[in-house]
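Work through the exercises below with the sequence and the model open. Each task is followed by a solution in steps.

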Amino acid sequence: MSDTPRPRDALYDRYMKAAAARRAHSATCTQCSPDAPRCEDGQHLEAEFKRFQDAYLARLRKQR
Ligand SMILES: [Zn+2]
């Protein structure tokens with residue numbers, strides 16, 4: 001285990017927040033399932049999540 005604090009990472013924070021929001025929505029929404037957003041809110045949250053995921057993964061790839 002490392003005890004060095006991770007630098008603050010705004011993109012990762014937003015990615016995790018979008019993931020949590022998407023999960024929370026699919027858990028409470030009767031129309032949506034985790035992998036298939038069906039209502040307008042669910043589709044919006046899914047799009048946000050994908051956007052941050054793409055940005056985060058693209059940045060990880062660039063750091064290699
Ligand atoms: Zn929904």
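## Exercise 1: Helix packing

Task: find the angle and the axis distance at which helix α1 and helix α2 pack, and classify their relative direction.

Solution. The model is predicted. Helix α1 covers residues 10-28 and helix α2 covers residues 40-63; their axes are 9 Å apart and make an angle of about 150°. Angles over 145 degrees count as roughly antiparallel. The two helices, α1 and α2, are therefore roughly antiparallel to each other. The crossing in which α1 passes α2 is left-handed.

## Exercise 2: The contact

Task: state which residues of α1 meet which residues of α2, and sort the contact by class.

Solution. On the α1 side, the contact is made by Leu 11, Tyr 12, Arg 14, Tyr 15, Ala 18, Ala 19, Ala 21, Arg 22, His 25 and Ser 26. On the α2 side, they meet Asp 41, Gly 42, Leu 45, Glu 46, Glu 48, Phe 49, Phe 52, Gln 53, Ala 55, Tyr 56 and Arg 59. Sorted by class, the contact of α1 with α2 has 11 nonpolar, four polar and six charged residues.

## Exercise 3: The span of α2

Task: check the end-to-end distance of α2 against a rise of 1.5 Å a residue.

Solution. Helix α2 has 24 residues. The expected span is 1.5 Å times one less than the number of residues, and for α2 this comes to 34 Å. The end C-alpha atoms of α2 are 35 Å apart, which agrees with the expectation.

## Exercise 4: Buried or exposed

Task: which residues of α2 are buried, and how do Asp 13, Ala 20 and Asp 35 count?

Solution. A residue is buried with 20 or more other C-beta atoms within 10 Å, and exposed with 12 or fewer.

- In α2, the buried residues are Leu 45, Glu 46 and Phe 49; what covers the buried residues of α2 includes α1.
- Asp 13 lies in helix α1 and has 11 other C-beta atoms within 10 Å, so Asp 13 is exposed.
- Ala 20 also lies in helix α1; Ala 20 has 12 C-beta neighbours inside 10 Å and therefore counts as exposed.
- Asp 35 is in the loop between α1 and α2, and with 7 C-beta neighbours inside 10 Å Asp 35 counts as exposed.

Over the 64 residues of the protein, 12% count as buried.

## Exercise 5: Sequence and space

Task: give the C-alpha separations for Asp 13 with Phe 52, Ala 20 with Leu 45 and Asp 35 with Arg 22.

Solution.

| Pair | Apart in sequence | C-alpha to C-alpha |
|---|---|---|
| Asp 13, Phe 52 | 39 residues | 9.7 Å |
| Ala 20, Leu 45 | 25 residues | 9.8 Å |
| Asp 35, Arg 22 | 13 residues | 9.9 Å |

For the protein, 42% of the contacts between residues at least 6 apart in sequence join residues at least 24 apart. The protein has two helices and zero strands.

How values were computed
Residues numbered from 1 in each chain as written. Predicted model: local features only at pLDDT ≥ 70, side-chain atom pairs only at ≥ 80, totals over all residues. Axes fitted to C-alpha atoms, helices over the stretch in contact; angles between N-to-C directions. Helix = DSSP H or I, 4+ residues; strand = E, 2+ residues; numbered from the N terminus. Parallel < 35°, antiparallel > 145°, perpendicular 65-115°, else oblique. Left-handed = near helix turned anticlockwise from the far one by under 90°. Contact = placed C-beta atoms within 7 Å. Nonpolar A, V, L, I, M, F, W, Y, C, P; charged D, E, K, R; others polar.
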